[in-house]
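Trainee: Could we go through this assembly together? I would like to know how each label is earned.

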Protein chains: 6
Amino acid sequence: MSNALPTTDKKPLNQPLGGDVVPRFAGIATMMRLPFQETSDGLDACFVGVPFDLGTSNRSGARFGPRQVRSESVLLRPYNMATRAAPFDSLQVADIGDVATNAYNIFDSIDRIETAYDAIIANGCRPITIGGDHTIAWPILRAMHKRYGPIGVVHVDAHADVNDTMGGEKIAHGTPFRRAVEEGLLDCQRVVQIGLRGTGYHADDFDWCRQQGFRVVQAEECWHKSLAPLMKEVIERVAGPSGDAPVYLSFDIDGLDPSFAPGTGTPEIGGLTVQQGLEIIRGLRGLNLVGADIVEISPPYDPQGTTALVGANLAYEMLCVMPGVAYRS
Amino acid sequence: MSNALPTTDKKPLNQPLGGDVVPRFAGIATMMRLPFQETSDGLDACFVGVPFDLGTSNRSGARFGPRQVRSESVLLRPYNMATRAAPFDSLQVADIGDVATNAYNIFDSIDRIETAYDAIIANGCRPITIGGDHTIAWPILRAMHKRYGPIGVVHVDAHADVNDTMGGEKIAHGTPFRRAVEEGLLDCQRVVQIGLRGTGYHADDFDWCRQQGFRVVQAEECWHKSLAPLMKEVIERVAGPSGDAPVYLSFDIDGLDPSFAPGTGTPEIGGLTVQQGLEIIRGLRGLNLVGADIVEISPPYDPQGTTALVGANLAYEMLCVMPGVAYRS
Amino acid sequence: MSNALPTTDKKPLNQPLGGDVVPRFAGIATMMRLPFQETSDGLDACFVGVPFDLGTSNRSGARFGPRQVRSESVLLRPYNMATRAAPFDSLQVADIGDVATNAYNIFDSIDRIETAYDAIIANGCRPITIGGDHTIAWPILRAMHKRYGPIGVVHVDAHADVNDTMGGEKIAHGTPFRRAVEEGLLDCQRVVQIGLRGTGYHADDFDWCRQQGFRVVQAEECWHKSLAPLMKEVIERVAGPSGDAPVYLSFDIDGLDPSFAPGTGTPEIGGLTVQQGLEIIRGLRGLNLVGADIVEISPPYDPQGTTALVGANLAYEMLCVMPGVAYRS
Amino acid sequence: MSNALPTTDKKPLNQPLGGDVVPRFAGIATMMRLPFQETSDGLDACFVGVPFDLGTSNRSGARFGPRQVRSESVLLRPYNMATRAAPFDSLQVADIGDVATNAYNIFDSIDRIETAYDAIIANGCRPITIGGDHTIAWPILRAMHKRYGPIGVVHVDAHADVNDTMGGEKIAHGTPFRRAVEEGLLDCQRVVQIGLRGTGYHADDFDWCRQQGFRVVQAEECWHKSLAPLMKEVIERVAGPSGDAPVYLSFDIDGLDPSFAPGTGTPEIGGLTVQQGLEIIRGLRGLNLVGADIVEISPPYDPQGTTALVGANLAYEMLCVMPGVAYRS
Amino acid sequence: MSNALPTTDKKPLNQPLGGDVVPRFAGIATMMRLPFQETSDGLDACFVGVPFDLGTSNRSGARFGPRQVRSESVLLRPYNMATRAAPFDSLQVADIGDVATNAYNIFDSIDRIETAYDAIIANGCRPITIGGDHTIAWPILRAMHKRYGPIGVVHVDAHADVNDTMGGEKIAHGTPFRRAVEEGLLDCQRVVQIGLRGTGYHADDFDWCRQQGFRVVQAEECWHKSLAPLMKEVIERVAGPSGDAPVYLSFDIDGLDPSFAPGTGTPEIGGLTVQQGLEIIRGLRGLNLVGADIVEISPPYDPQGTTALVGANLAYEMLCVMPGVAYRS
Amino acid sequence: MSNALPTTDKKPLNQPLGGDVVPRFAGIATMMRLPFQETSDGLDACFVGVPFDLGTSNRSGARFGPRQVRSESVLLRPYNMATRAAPFDSLQVADIGDVATNAYNIFDSIDRIETAYDAIIANGCRPITIGGDHTIAWPILRAMHKRYGPIGVVHVDAHADVNDTMGGEKIAHGTPFRRAVEEGLLDCQRVVQIGLRGTGYHADDFDWCRQQGFRVVQAEECWHKSLAPLMKEVIERVAGPSGDAPVYLSFDIDGLDPSFAPGTGTPEIGGLTVQQGLEIIRGLRGLNLVGADIVEISPPYDPQGTTALVGANLAYEMLCVMPGVAYRS
């Protein structure tokens with residue numbers, strides 16, 4: 001694959017701490033019990049948290065998303081038994097902790113996130129972000145655009161997140177993709193939204209997306225079937241003519257039905273199944289993914305960790321489709 | 001549509017309080033944050049609660065159903081993004097509060113419910129009821145029959161609710177449709193039951209239904225597929241020869257699988273998906289629906305509000321298929 | 001009592017909806033099931049919510065405080081069986097709903113709160129506020145100061161809330177009393193803080209309070225005994241020489257031990273008992289209380305409503321010591 | 001002690017199944033893992049459940065009280081380490097299961113309970129009842145009166161439960177002691193109520209009790225101190241001149257503060273501590289206790305079993321003060 | 001069917017206690033409220049608990065599985081409404097309680113389990129086991145092998161459970177089928193594993209199974225469709241040439257997706273639906289099932305009992321496909 | 001103080017990460033957000049987890065104690081506002097992670113714990129242990145004895161933990177102090193047990209302790225009062241003639257009443273208050289504490305983290321009374 005990263009000279013590669021060495025319930029919970037390091041230095045990919053929920057319209061709590069996803073991620077083992085991906089065979093990966101957000105100031109937080117991502121991706125490291133609410137996609141996409149130019153996006157969500165304002169404010173968890181379009185961060189022909197549904201403030205909310213050139217796949221189109229065929233279409237669209245245009249995956253956990261992911265702030269019934277969520281991510285293999293996020297996991301509404309466990313797994317699956325990942329035969 | 005209500009002279013129509021005006025987590029929780037009024041006066045449709053669980057065989061708690069459904073309904077916005085229904089464009093709708101049940105006396109409660117519904121529907125207002133346990137369907141159907149004559153019913157449930165008695169009693173949440181048949185309230189050829197399943201006291205419980213002329217669709221018939229084809233058959237059957245015979249929708253939340261709706265009193269595994277639940281309700285568009293209910297939501301078993309959220313959405317979808325609802329192009 | 005309000009000409013006075021009329025679990029949950037009205041017009045006292053948690057340092061969720069306190073308040077009956085207070089015999093009281101905060105902008109929210117309270121207290125109405133996080137005390141005190149001049153404060157809390165900044169910000173739930181002192185809103189000799197404890201960022205945090213002239217009663221001083229004697233001292237101090245200087249009560253639910261009030265954002269062990277909390281409020285009888293609040297109830301951490309129930313009761317007890325309340329013999 | 005039962009000829013006495021024989025988490029949960037038998041035949045004392053909550057005014061769920069108390073009771077061991085009571089050294093005790101209540105009919109349930117207790121106590125067996133809501137005290141007292149004549153009562157509760165009606169009904173969980181007085185079941189001079197508090201429908205609710213001759217100890221009288229001195233007074237009052245007049249103990253779990261017993265239907269803050277609850281029960285040693293109950297435990301509001309554990313322990317302590325219990329030196 | 005058991009002379013057969021006789025929430029919770037007996041004497045089939053979780057790698061708690069499954073099983077009625085199975089028409093069934101495991105010693109527990117099953121199956125009784133973690137399958141299979149020779153297995157699980165060691169130990173919940181293969185307990189050509197998925201320690205974990213001759217059906221093969229066709233293949237494989245070779249069903253609840261069964265110790269996303277779980281069990285009708293288990297239900301992670309309810313139903317469905325069960329026409 | 005450690009040359013000392021630098025909800029949760037290091041090298045004191053619950057008799061789950069205590073410890077700030085202790089002014093402290101226990105083998109785990117503590121305390125580092133069930137006290141005391149000779153113990157607990165065996169086993173969470181006495185690890189005259197209560201297997205369980213020379217303070221002795229006077233007696237007893245004999249503090253969270261610490265495996269009602277718990281620890285100032293533990297916190301029974309928060313605070317308070325801690329004036 002042309003976008004594979006050369007990794008041979010980077011060994012030894014970090015490995016998740018195995019349950020055979022230290023029990024899964026023991027030790028300090030980093031993501032997948034990988035080594036922690038403070039920057040992305042030397043990394044091909046990283047897990048990074050953005051504990052932030054100041055843009056939330058209803059139930060807050062996503063500020064604890066990174067911590068609970070890390071806790072539930074202790075169950076994860078290195079190999080993907082479905083796809084035979086072996087990410088730790090070929091990529092250097094670590095948990096680089098959380099962006100130091102400002103707990104009281106949404107504006108400063110957005111700036112801090114952008115600055116942090118400028119640094120994280122400066123060396124080409126591909127971040128897998130654990131949110132935080134969806135507001136954070138905007139500063140991340142700003143950083144991505146500076147580094148990579150217009151970005152294609154695969155956006156899984158119950159909501160289009162293209163409001164002009166919420167409560168009169170430009171910055172909120174329902175506006176990031178509107179801001180991104182306005183600022184020219186996206187290559188709109190290479191944007192796909194999957195899972196949109198529910199009730200809306202305006203009957204034509206999703207039409208605005210289509211007018212920008214997005215491919216919009218409402219949840220109802222996905223019911224009762226495999227999304228593998230859809231993903232072929234998606235890949236073709238977002239990869240661009242060259243096949244390796246930069247693509248960002250933004251996965252709002254509320255894209256899934258609340259039966260799979262109840263712990264979120266603005267749940268909408270009738271969503272994707274987790275099996276479809278896996279098909280979407282696995283379907284992105286081969287793209288030039290420059291980063292990905294899983295957002296809107298709200299631990300206070302997830303007391304047994306069910307939703308965080310889904311998030312941890314999806315974050316791992318995102319790693320498995322990053323360019324350069326080895327696959328065992 | 002012949003049964004559309006003329007609404008032009010009723011403006012201004014009530015609108016749900018928007019999240020842009022007052023945050024969703026703020027304000028007193030009426031259904032969808034609609035205006036509250038004490039009677040159905042001037043209304044085309046209304047939301048009404050029946051807080052009652054004295055007919056419950058196992059887990060009680062449905063008495064709190066109306067309150068928690070209202071709390072979770074604050075997430076709902078006015079437009080249906082799947083069907084483009086815009087109920088508040090053409091119907092006058094309000095939350096008329098709860099029927100004042102008797103907390104200690106099942107017999108008196110049943111009488112109070114019937115009396116309340118006599119008044120609610122006297123002007124043709126179409127009530128969408130938030131239960132309460134399923135016992136309440138009986139007094140509601142009595143009122144419906146007095147106003148409209150024999151009623152067709154679409155009944156979604158895990159249980160047939162046609163027991164002769166429970167624990168020796170004639171009035172209980174497993175008997176309402178037996179009582180309704182006995183009293184001639186139903187047009188039995190226009191009754192469809194969907195989602196029945198589980199274990200039974202008698203092997204032939206569902207046969208009794210079929211003997212009355214009901215169409216019984218056991219849950220197993222529904223597995224792994226869209227119910228859109230089924231709904232075409234259902235519509236044809238329940239609409240009657242004229243196409244506008246009166247139909248009542250009674251939706252027991254336990255018709256859905258417990259993975260979607262765990263907060264209920266007598267859950268049965270292997271049920272309908274919430275996507276199928278939406279297909280059922282959306283499939284009723286065009287009928288002369290004279291009322292609908294969503295029952296058996298038990299908040300004490302639903303601490304994160306997941307089930308109540310499903311109930312709130314289903315109640316909204318019921319509104320969207322009421323006669324006279326406008327659809328945006 | 002000199003500060004008793006003349007109420008004879010205001011009858012009929014609002015009464016909480018009784019459980020004998022409508023079951024407690026029924027109906028729309030206003031505070032104590034009192035009538036709702038949109039302003040404080042004609043009211044001697046009111047319950048008002050401030051759903052806001054953008055100033056929270058750790059666990060958010062207090063935005064849902066007003067809604068859950070209202071839900072749990074349905075258990076309350078009109079008479080105080082301990083003190084024989086009969087607030088609805090002599091005061092006109094209603095639930096005036098929530099301040100429309102801005103869910104995404106802490107600065108605008110603070111302005112909105114101040115503006116709202118300017119209006120609420122313009123007619124002398126005494127608001128009992130359901131928070132929200134403690135940040136809201138600052139804009140409320142600003143409004144109080146404009147109306148009444150320097151205010152005495154009885155402040156029950158685990159934390160002194162006199163930080164200069166938190167995370168570099170001036171506005172946060174740990175800073176309201178610092179801001180209030182700086183702006184001259186308080187009559188510092190008439191300020192008492194009760195229940196302070198736990199760990200601190202600076203060893204001398206509480207000394208700053210004492211330097212302003214506050215009486216600081218650390219939690220350890222309160223252990224294992226009645227606070228009735230303390231309250232005599234408190235009354236004397238805060239009432240001022242005239243005996244009727246304006247006093248505001250600000251009660252952070254985390255002043256109580258987490259065993260009584262687990263549902264809060266920054267719990268500290270070793271706190272006051274709820275019995276002591278009742279002694280504190282009941283001990284304020286006779287003061288010219290111009291308003292009161294109960295803040296920092298965080299429903300996501302209170303799934304059975306235990307903490308909200310405490311909050312609802314304390315809010316009722318605050319009403320019972322408002323000037324002009326009748327007491328049954 | 002004159003009222004000690006001769007037990008020597010009854011050996012071998014039932015013993016709770018020990019954790020050393022079968023792990024505490026194993027086996028079918030009877031009360032204390034005692035043998036189950038269907039009647040009180042041959043028993044000195046028994047544990048019996050009354051799963052009933054049709055008299056509940058707010059939160060139901062007490063119907064599951066017996067089952068959850070049994071589950072939590074598995075932690076109990078045979079000896080009382082504080083008092084050295086060894087009830088299984090001298091009494092024959094078993095779990096006799098639950099009264100078969102009628103889930104749908106409060107009137108029939110009340111009759112069934114009375115009939116069941118007539119049989120249980122016919123041989124002098126002293127029942128320790130696990131409720132169920134407090135309505136059940138009325139039919140139990142009826143049976144007690146038939147067997148023993150006017151009964152003295154120690155009644156621990158937040159509420160006096162002497163309403164004439166609730167919602168217009170004579171039978172409800174707030175009326176049993178009114179009914180009992182009206183029917184002459186009680187020896188009113190030998191009635192003590194401890195822990196009353198909260199808000200009331202009428203300012204003089206507790207005065208009615210006093211007018212009947214009850215000793216009423218409001219919760220505030222109990223705060224911050226040992227109840228051992230009070231219990232001396234109580235014993236003297238309820239034992240009657242002979243010292244062995246029949247006494248019934250009715251313990252509503254909401255007599256305790258919600259911090260100790262959150263899982264109940266109508267919690268009131270400012271209640272007794274569990275230490276005081278233990279002092280009350282232990283303080284009854286020496287009386288001619290003819291029966292006892294622990295009521296109003298509502299498992300749906302007690303997901304970790306905390307309240308049921310309190311109930312299980314209090315039921316055991318009740319056994320320890322039954323006449324005839326041996327004490328180890 | 002050749003392996004039908006003659007049952008005519010065994011009447012009267014035990015029947016589950018009906019909700020019409022005693023309310024479902026009442027009485028001591030045995031499995032399905034069947035009679036309890038201490039041994040399998042005279043039984044065709046039995047329910048038996050193995051409260052054990054010392055082999056658990058992450059979240060423990062399965063020790064409480066039997067107790068909570070019994071509690072939730074009270075909802076079950078005697079007839080299977082989907083298949084018309086009427087197990088209590090032809091089989092003598094009871095709840096024989098729990099194996100007395102050793103709470104502190106995994107080695108001794110394993111021995112005790114094997115010994116207990118030797119006795120249970122000595123008379124041909126077919127046990128339906130409620131676990132307990134999956135370690136218990138090993139000693140059960142040992143007993144089965146002694147009685148029946150090499151066993152075919154239908155193994156539903158997210159994990160293959162064929163690790164050589166875990167944390168260096170041979171006995172753990174991830175090793176039972178490795179041990180069973182090593183000891184020759186299984187007829188490997190008659191072993192099918194369904195639902196395997198997730199992440200693994202070794203990329204070739206499932207290949208080892210295939211090398212033994214197992215048919216491995218990974219979860220992804222099952223997505224979005226009925227498993228009825230698969231079950232035809234399964235039946236053919238496991239029944240053996242004679243059609244009545246002995247088969248054991250081992251059903252790890254984590255074979256289901258966590259949306260259906262969140263209360264388990266090592267949940268993996270993307271699993272089977274409960275509808276598929278039912279198809280699997282119902283698809284085994286006609287086999288010579290010599291026993292079955294449902295394991296890894298962990299009540300501490302299942303506070304509303306959702307997972308235990310699934311387990312109770314699956315255990316009932318297992319009974320319905322035991323040889324000799326009558327089916328109503 | 002003679003046992004103060006010279007610390008001047010060790011600067012800069014580790015400091016907890018402040019909430020002003022990184023929000024409390026952000027970052028990887030080490031204990032108090034202190035630096036993590038793998039050994040006790042260079043440390044005066046350390047926090048260390050022992051995730052282990054194989055010795056648990058009823059509810060397991062303490063294996064997750066260290067992880068959840070760390071999560072809740074993020075609320076802690078460096079200074080003790082009650083005592084003015086400033087431990088990070090004078091001691092070098094870090095979180096050294098968890099002992100790698102064996103999840104499946106109690107015997108090997110015990111060995112591993114002892115070995116780990118041999119290393120941790122070799123340099124005089126004073127460990128504050130987060131359990132884990134109480135079994136771990138035995139191997140820790142073994143290590144302590146090797147390093148320091150016979151140890152005095154302050155043991156706070158509901159249970160004496162001096163059983164000879166449990167279920168026939170010598171190693172369990174109810175036996176550690178029996179084993180320690182047998183092996184001569186303790187200086188029995190310098191052992192105090194506080195908080196013992198509840199029910200027992202033998203009426204004379206606590207007498208055995210007294211026979212060894214322990215001072216046993218049953219919970220009932222502690223009710224309704226400050227323990228400060230008791231602690232003077234305790235100090236005198238355990239300090240030994242020299243005043244600096246080595247003392248170990250073992251604090252079972254179930255020593256506290258379940259209202260304060262519900263999340264534990266074998267809760268007993270009628271326990272110590274958390275205020276008394278603080279008095280006990282603060283009362284140990286001046287002793288030569290060589291280590292301390294807080295055990296039996298079971299997160300699965302503590303979904304809102306209440307109990308873990310208590311544990312985190314108590315662990316901090318233990319640090320505050322370690323020899324050499326500076327106190328601010």
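**Around the rotation axis**

Mentor: Happily, and bear in mind that this is a predicted model. Among the residues of chain B, S259(B) lies closest to the rotation axis, its C-alpha being at 3.3 Å.

Trainee: What makes chain B and chain A related as by a three-fold rotation axis?

Mentor: Chain B superposes on chain A by a rotation of 120° with 0.0 Å of shift along the axis, at an RMSD of 0.0 Å. The two copies are thus related as by a three-fold rotation axis.

Trainee: Why is it said that the copies meet through different surfaces?

Mentor: Only 3% of the interface residues of chain B are also interface residues in chain A, so the two copies use different surfaces to meet.

Trainee: How many residues of each chain are in contact there?

Mentor: On the chain B side there are 30, and they contact 28 residues of chain A. Contact here requires C-beta atoms within 7 Å. At least two residues each come from β2 (79–80), α9 (274–282) and α10 (306–320) of chain B, and α10(B) gives the largest share, 5 residues. By class, this side of chain B has 15 nonpolar, 9 polar and 6 charged residues.

Trainee: What makes β8 of chain A and β2(B) a strand pair?

Mentor: Pairing takes at least two bridges. Strand β8 (residues 199–200) of chain A and β2(B) are joined by 2 bridges, so they qualify, and they run antiparallel. In this pairing, G200(A) is opposite Y79(B) of β2(B).

Trainee: What about chain A and chain D: how do you know whether they touch or not?

Mentor: They do not touch, and their nearest C-alpha atoms are 12 Å apart. Chain B and chain F likewise have no contact, with their closest C-alpha atoms 12 Å apart.

Trainee: Now inside chain A, at what angle do helices α3 and α4 pack?

Mentor: Helix α3 (residues 106–121) and helix α4 (residues 137–148) of chain A pack at about 35°, with axes 8 Å apart. The crossing of α3(A) past α4(A) is right-handed.

Trainee: Why is that crossing called right-handed?

Mentor: The name applies because the near helix is turned clockwise from the far one by less than a right angle. The angle of about 35° fits that limit. Residues making the contact include I110(A), I113(A) and Y117(A) of α3(A), together with W138(A), P139(A) and M144(A) of α4(A). Overall, the contact has 9 nonpolar, no polar and 5 charged residues.

Terms used: Residues numbered from 1 in each chain as written. Chains lettered and ligands numbered in written order. Predicted model: local features only at pLDDT ≥ 70, side-chain atom pairs only at ≥ 80, totals over all residues. Axes fitted to C-alpha atoms, helices over the stretch in contact; angles between N-to-C directions. Helix = DSSP H or I, 4+ residues; strand = E, 2+ residues; numbered from the N terminus. Nonpolar A, V, L, I, M, F, W, Y, C, P; charged D, E, K, R; others polar. Least-squares fit on C-alpha atoms with pLDDT ≥ 70 in both.
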